[in-house]
Amino acid sequence: MSRVYNFSAGPAVLPEEVLQEAADEMLDYKGCGMSVMEMSHRSKVYDEIIKDAEKDLRELMNIPDNYKVMFLQGGASQQFAAVPMNLMKNKKAGYIITGQWAKKAYQEAKMYGEAIELASSADETFSYIPDCSNLDIPDDLDYVYICENNTIYGTKYKTLPNTKGKTLVADVSSCFLSEPVDVTKYGVIYGGVQKNIGPAGVVIVIAREDLITDDVLAGTPTMLKWKTQADADSLYNTPPCYGIYICGKVFKWLKKMGGLEEMQRRNIEKAQILYDFLDESKLFKGTVRKEDRSLMNVPFVTGNEELDAKFVKEATAAGFVNLKGHRTVGGMRASIYNAMPKEGVEKLVEFMKKFEKENA
């Protein structure tokens with residue numbers, strides 16, 4: 001069977017050549033006589049895989065030497081607890097609520113200290129990013145937390161919040177490696193890899209060294225202390241070896257493609273094709289305020305639930321899969337991560353035009 005155009009929000013589309021390469025190495029990785037799935041994480045061969053992955057990621061993102069890179073498990077959701085456990089020295093943190101994942105992180109933080117809602121876009125179903133240029137930030141705040149790209153609602157911060165000197169923590173799960181980033185603007189930047197980088201099961205945490213200490217909340221599990229993981233180079237226990245290996249391949253693919261500047265150029269071009277159509281369509285419309293639109297996740301609706309369902313069904317039959325919107329929003333959502341080819345977006349728009357003619 002031929003491959004479909006997979007618009008899933010995650011686990012999501014991966015570069016075909018990466019999948020092909022992994023398939024070729026499935027039974028025998030570089031002549032070692034076994035699969036990466038079978039090898040010891042303490043072996044010299046695997047040590048090279050994980051170290052190489054870190055080196056490539058550092059190059060791609062220009063990660064400074066005073067930041068640690070950790071390949072961990074538990075997804076971004078586990079970091080909702082790890083962040084306050086590691087950073088809440090004054091037991092007080094500020095959260096900007098721009099969607100379901102920021103809200104979940106905020107609720108989790110309340111279990112460990114005082115979590116303050118600094119701003120929110122809940123009043124308009126998270127269809128915009130609030131103005132964060134002059135937030136009321138208490139002096140004793142440990143950090144300010146954001147979810148930078150909101151997968152469900154299709155919004156993205158174009159300007160980072162003014163944290164007034166407080167540490168910025170960002171969940172970048174759905175915009176990871178989609179554009180250049182200045183890591184020094186963050187204390188901690190982290191994300192699950194299953195949207196833009198690799199298979200589900202790995203979360204990458206990039207944290208400034210001065211924030212990685214033994215001074216954590218009482219009761220923090222050994223495994224959730226960043227220091228445990230950083231000191232052991234992500235090998236404190238058996239890491240998600242195979243997932244990290246695929247991430248490493250994707251990093252190499254990104255470098256070969258021209259790095260994050262080139263990915264951003266491509267992503268802008270791809271998103272433009274879809275947004276331009278949505279802006280002129282009589283049937284479909286985007287749900288996000290224009291200036292806050294994500295390049296990665298594009299939600300849209302017809303305004304009629306039956307028609308939405310019909311569109312999803314016909315699109316699936318035509319090879320455009322996973323376009324159903326998140327259950328909290330309804331409608332449709334096209335996730336167009338790095339590995340989605342431009343041709344996939346062009347063909348989707350062709351299909352939408354045809355559907356609009358037939359259902360006008």
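A salt bridge is a side-chain nitrogen of Lys or Arg within 4 Å of a carboxyl oxygen of Asp or Glu. In this predicted model, the count comes to 29 salt bridges. One of them joins the side chains of D279 and R293, with 2.7 Å from N to O. D279 lies in helix α7 (residues 259-280), while R293 lies in the loop between β11 (285-286) and β12 (297-301), so the salt bridge ties together parts that are 14 residues apart in sequence. D279 is partly exposed, because its relative accessible area is 40%. R293 has 11% relative accessibility and therefore counts as buried.

A network was also found. Salt bridges that share partners join D52, K55, D56, E59, K252 and K255 into one network. Within it, K255 forms a salt bridge with D56, and their closest N and O atoms are 2.7 Å apart. This pair links distant parts of the chain: K255 is in helix α6 (residues 241-257), D56 is in helix α2, and 199 residues separate them. K255 is partly exposed at 31% relative accessibility. D56 is buried, with a relative accessible area of 1%.

A further salt bridge is formed by D214 and K225, whose closest N and O atoms are 3.3 Å apart. Both residues lie in the loop between β10 and α5 (226-231), so the pair ties together parts that are eleven residues apart in sequence. D214 is exposed, because its relative accessible area is 51%.

The strands were examined next. Seven of them form an open sheet with mixed pairing, in the order β2-β10-β9-β8-β5-β3-β4. β2 (67-72) and β4 (114-120) stand at the edges; each has a single partner strand, so one side of each is left without a neighbour in the sheet. On average, neighbouring strands of this sheet are turned by 20 degrees against each other, direction ignored. Strand β3 (residues 92-97) pairs with β4 in the parallel sense, over six bridges. In this pairing, A93 stands opposite A115 in β4.

Strand β9 (188-192) has partners on both sides. Three bridges join β9 to strand β8 (residues 167-171), and these two run parallel. Five bridges join β9 to β10, and here the strands run antiparallel. Y190 appears in both pairings: D171 stands opposite Y190, and Y190 stands opposite V205 in β10.

In a regular strand the side chains alternate between the two faces of the sheet. Both faces of β9 are covered. V188, Y190 and G192 are buried on one side, and I189 and G191 are buried on the other. Five of the five residues of β9 are thus buried. Helix α2 lies across β2, β9 and β10 (203-208), and runs at about 130 degrees to β2.

Two loop regions complete the description. N338 is placed in the loop between β14 (332-335) and α9 (342-359). N338 is buried, because its relative accessible area is 6%. Beyond its neighbours within four places in sequence, N338 is in contact with F176, L177, S178, N196, W253, L254, M263, N267, K270 and M296. The C-alpha atoms of N338 and S121 are separated by 27 Å, and the two residues are 217 residues apart along the chain.

M26 is found in the loop between α1 (16-24) and α2 (44-61). At 32% relative accessibility, M26 counts as partly exposed. Together with L27 and M37, M26 makes a nonpolar surface patch of about 340 Å².

Notes
Residues are numbered from 1 along each chain as its sequence is written. This is a predicted model: local features need pLDDT of at least 70, side-chain atom pairs count only at pLDDT 80 or more; totals for chains, interfaces and linings use all residues. Side-chain values use heavy atoms; hydrogens and water are left out. Patches are made of residues with over 30% relative accessible area and no salt bridge: like charges are joined within 9 Å, nonpolar side chains (Val, Leu, Ile, Met, Phe, Trp, Tyr) within 5 Å. Accessible areas come from the Shrake-Rupley method with a 1.4 Å probe; for residues, only the protein chains shown count as cover. Helices (H or I, at least four residues) and strands (E, at least two) are DSSP runs, numbered from the N terminus. Buried means under 20% relative accessible area, exposed over 50%, partly exposed in between (1.4 Å probe, protein chains only). Two strands pair if DSSP finds at least two bridges between them. Axes are lines fitted to C-alpha atoms, for helices over the stretch in contact, and angles run from 0 to 180 degrees between N-to-C directions. Contact means heavy atoms within 4.5 Å.
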